[in-house]
Amino acid sequence: MPLASLSLPSLGYCCQKSPPLSLKSSFLSKPTKTQFSVAFKTTQKRSSSHIVSMSTEAGIGVMGTKLGMMSYFETDGTVVPVTVVGFREGNIVTQVKTSATDGYDAVQVGYRRVRDKKLTKPELGHLGKAGVIPMRHLQEFRLQSVEFETGQKLAVEEIFKEGDLVDVSGTTIGKGFQGGIKRHNFKRGQMSHGSKSHRALGSIGAGTTPGRVYKGKKMPGRMGGSKRKIRKLKIVKIDNELRVVMIKGAVPDKPGNLLRITPAKIVGKNIPKN
């Protein structure tokens, strides 16, 4: 319809549908509720149920302190390299979670007694509610069924025995920023005969196609300082007098740091196939 043919009533009807524009600045006037709903209509996120998936352990575990490595001689004279793990005061159940209260079954365990001033007030309140001593480390073990009580002390000799397979978790030793040769075991170039590429990374991709570097490309960067789990290590010796456990092989971290020891996961034996 041409503009000349529009009558005054029709113009008034059009103005009723869309509010008239104002020459004043919009941010000086107080926005209405309808303006807010229009402005943020596109930024509203759809509500979706967030499901947290956690790994279920094969059984309750303990925390320990790495003491170092040594050679262990078996009865037949075989020399076995072992890692010695000691245990400070702790490994006490501080909280029990059930499907009815938290949506899943788990046990929270504390380790390594410290002074009260080393912890925050919320941490002291949490441990005081459980009636246990102040401890530095708190870790959770998710289980298929919970049969523990708050304040119960976990004994290593009752959970594990010699010959058992365990999974040991720790933090690898931090190496700082390292090149491709040390970080990813790249080969170096010739050191003589006019070679100008000795320890350089080399090509990191093509030119125009794809015109970028692929994600995950192995390049120099920070090495170590990450969580690592070594699976299915054998317990060689449990010494109750010295309160140490000898585990065959090497484990992450350096002496004096925290380790997490759990029963090894074997699908079909202690972990369901599904």
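This is a walk through the fold of one protein, from its overall make-up to a few individual residues.

What you have in front of you is a predicted model. Let's start with the whole chain. The protein contains five helices and 11 strands. It has 274 residues, and 28% of them are buried. About 19,700 Å² of the protein is exposed, and carbon and sulfur atoms supply 54% of that area. It also helps to ask how far apart in sequence the contacting residues are. Among contacts between residues at least 6 apart in sequence, 71% join residues at least 24 apart.

Now turn to the barrel. Six strands form a closed barrel in the order S1-S2-S10-S9-S6-S11, and their pairing is antiparallel. From one strand to the next, the twist averages 50°. As a reminder, strands of a sheet pair through backbone hydrogen bonds, either parallel or antiparallel.

A good place to enter the barrel is strand S11, which spans residues 258-263. This strand is mostly covered, with five of its six residues buried. Strand S1, residues 62-73, runs antiparallel to S11 and is joined to S11 by four bridges. If you look for a residue pair to anchor your view here, Met63 stands opposite Arg260 in S11. Strand S6, residues 165-171, also pairs with S11 in the antiparallel sense, over four bridges. In that pairing, Val168 stands opposite Ile261 of S11.

Arg260 deserves a second look. Besides facing Met63 across the strands, Arg260 lies over the face of Phe141, at 4.1 Å from the ring centre. Phe141 does have a charge over its ring, then, but what about rings pairing with rings? A search of the whole structure finds zero aromatic pairs.

Elsewhere in the barrel, strand S9 (residues 227-239) and strand S10 (residues 244-248) pair in the antiparallel sense over four bridges. Here Lys237 stands opposite Met246 in S10. The loop between S9 and S10 holds Arg243, which has a positive phi of about 55° although it is not a glycine. Is Arg243 buried, partly exposed or exposed? Its relative accessibility is 46%, so Arg243 counts as partly exposed.

That backbone angle leads to a wider point. Most residues other than glycine have a negative phi, and most peptide bonds are trans. The loop between H5 and S8 offers an exception of each kind. Asn185 sits in this loop and, although not a glycine, has a positive phi of about 60°. Asn185 counts as exposed because its relative accessibility is 67%. Pro210 is placed in the loop between helix H5 (180-184) and strand S8 (221-223) as well. The peptide bond from Thr209 to Pro210 is cis, with omega near 10°.

The last stop is Glu149, in the loop between strand S5 (135-142) and helix H4 (156-159). At 59% relative accessibility, Glu149 counts as exposed, since the cut-off for that class is over 50%. Which residues does Glu149 touch, leaving aside those up to four places away in sequence? They are Val93 and Val96. Glu149 and Val93 are 56 residues apart along the chain, while their C-alpha atoms are separated by 6.9 Å.

How values were computed
Residues numbered from 1 in each chain as written. Predicted model: local features only at pLDDT ≥ 70, side-chain atom pairs only at ≥ 80, totals over all residues. Heavy atoms only, no water. Helix = DSSP H or I, 4+ residues; strand = E, 2+ residues; numbered from the N terminus. Buried < 20%, exposed > 50% of the residue type's maximum accessible area, 1.4 Å probe, protein only. Contact = heavy atoms within 4.5 Å. Areas by Shrake-Rupley, 256 points an atom, 1.4 Å probe, with all protein chains shown as cover. Pairing = 2+ DSSP bridges. Axes fitted to C-alpha atoms, helices over the stretch in contact; angles between N-to-C directions. Phe/Tyr/Trp six-rings, centres within 6.5 Å; stacked < 30°, edge-to-face > 60°. Lys NZ or Arg CZ within 6 Å of the ring centre and 35° of its normal.
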